[in-house]
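User: I would like to learn how to read this model feature by feature. Could you take me through it, giving the general idea and then the case here?

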Amino acid sequence: MSLRRIADFILLTGICLVLAVPAGAQVFHVRSYTEADGLPSSHVMAISQDDVGRMWFATRSGLATYDGLEWEMHCLLCPLREAEDAYVRFDGETRLWVVGQELPVRMHGFAGTGCYDLPEPPPAAKGTRVTSVAAEQATDDVLVALATNEKEILLWNGREWLYVAVVPFGEKARISALAVSHGQIYIGTSEGLLVFQGDEGARSLRSVQALRGKEILGLAFDVQGGFLWVVGRNWLGRLEGEELVTVAPDLDLRPGLQPLDLVVAPDGEGGVFLTDHSKVLVHKPGLAVERLGVENGLISRGIHALYRDLSLIH
């Protein structure tokens, strides 16, 4: 596979946009954005993308979008803590959630007309931090799941916070990743995959046998394909129902990689892009995994996000 096939992705390195464009040889257009261009603040806490391709930026000065031509300021976020980072997630219904990392959690919603605050979740132990966030519009309710470094899940069901004490496989196991689909929460841990379903009524928590004992670093749903991408310490696979299909048994991930440093981005065509903050790995169906790094012209090893350039999708 030629590296031109990765042309439909935007690589975000710090505050720079690095756009790979179709060409005979791989070419990158690089543009840095500051307040002078319309960015509300150069201190960007988190980035996301909606279904029409607009980029959303949660900054210290508020929430803004960029459509490739213009910046638009939408609202001032209620202040997060001075040194706090944040997560930004869409729930599939054009509703955006901005979640702080420090507990008690400060979570803000945006539904197109303005930002609003949610109640704080139940008190947590000192030093508890949010380590992963997933969101989905499930039936009539929204579902936002927050994983913490204390092996617990906090759920916002659109009405109230629910607390789920996750008891992984062993005392030393930790939660590493979250994904939500059809009201089910997939919980990646250092010792396997758990699936949670339920609310204040009936609840169930089960392990996926095919992944028991396997260290999981990242999860991402392929909406078009209807399966779950699962990334382990040195392997890549798809979970189809209860069966794990390993597509790359010898994945070249950075030694000592932490789950927070891994980004998993399905390409919408049955493939997936990965970055471990030092390079990009590209997997297309039926082909070997390819690597993109500074040796290919990438300007930085510090890649923090991957998003599709939807203007190139026809």
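**Reading the chain, strand by strand**

Analyst: Let's start with the whole chain: 52% of the 314 residues of the protein chain count as buried, where buried means under 20% relative accessible area, exposed over 50%, and partly exposed in between (1.4 Å probe, protein chains only). This is a predicted model, in which local features need pLDDT of at least 70, side-chain atom pairs count only at pLDDT 80 or more, and totals for chains, interfaces and linings use all residues. Residues are numbered from 1 along each chain as its sequence is written, and side-chain values use heavy atoms, with hydrogens and water left out.

User: How many helices and strands are there in the protein chain?

Analyst: Helices (H or I, at least four residues) and strands (E, at least two) are DSSP runs, numbered from the N terminus. In this case the protein chain has zero helices and 28 strands.

User: How do I read a single strand, and why is S17 largely enclosed by the rest of the structure?

Analyst: In a regular strand the side chains alternate between the two faces of the sheet. Strand S17 covers residues 184-189, and because six of its six residues are buried, it is largely enclosed by the rest of the structure. Gln184, Tyr186 and Gly188 point one way from S17, while Ile185, Ile187 and Thr189 point the other way, and all are buried.

User: Which way do S16 and S17 run, parallel or antiparallel?

Analyst: Two strands pair if DSSP finds at least two bridges between them. Strand S16 (residues 175-181) is joined to S17 by six bridges, and the two run antiparallel. Ser181 stands opposite Gln184 in S17. The two strands, S16 and S17, make a hairpin with two residues between them, and His182 in the turn has a positive phi of about 50 degrees.

User: What joins S17 to S18?

Analyst: Five bridges do, linking S17 to strand S18 (residues 192-198) in an antiparallel arrangement. Gly188 has Leu193 in S18 as its bridge partner. S17 and S18 also form a hairpin, with two residues between them.

User: Let's turn to loops. Is Trp235 buried or exposed, and which residues is it in contact with?

Analyst: Contact means heavy atoms within 4.5 Å. Trp235 sits in the loop between strand S21 (227-232) and strand S22 (236-240), and is buried, with a relative accessible area of 11%. Leaving aside neighbours within four places in sequence, Trp235 is in contact with Leu211, Lys214, Glu215, Val230, Leu244, Ala248, Pro249 and Leu251. From C-alpha to C-alpha, Trp235 and Ala248 are 5.5 Å apart in space and 13 residues apart in sequence.

User: Where does Thr128 lie, and what does it touch?

Analyst: Thr128 is in the loop between strand S11 (115-117) and strand S12 (130-138). This threonine, Thr128, is buried, with a relative accessible area of 2%. Not counting residues up to four places away in sequence, Thr128 touches Leu103, Thr148, Asn149, Glu150 and Glu152.

User: How do I recognise a salt bridge, and how many are there?

Analyst: A salt bridge is a side-chain nitrogen of Lys or Arg within 4 Å of a carboxyl oxygen of Asp or Glu. By this rule the count comes to nine salt bridges. One of them pairs Glu215 with Arg233, their closest N and O atoms being 2.9 Å apart. Glu215 lies in the loop between strand S19 (203-207) and strand S20 (216-222) and Arg233 in the loop between S21 and S22, so the pair ties together parts that are 18 residues apart in sequence. Glu215 is partly exposed at 23% relative accessible area, and Arg233 is partly exposed at 28%. Arg174, Glu215 and Arg233 are linked in a network of salt bridges.

User: Which residue forms a salt bridge with Lys284?

Analyst: The side chain of Lys284 meets that of Glu269 in a salt bridge (3.9 Å, N to O). This pair links distant parts of the chain, 15 residues apart: Lys284 is in the loop between S26 and strand S27 (290-292), and Glu269 in the loop between strand S24 (263-266) and S25. Lys284 is buried, with a relative accessible area of 3%, whereas Glu269 counts as partly exposed at 44% relative accessibility.
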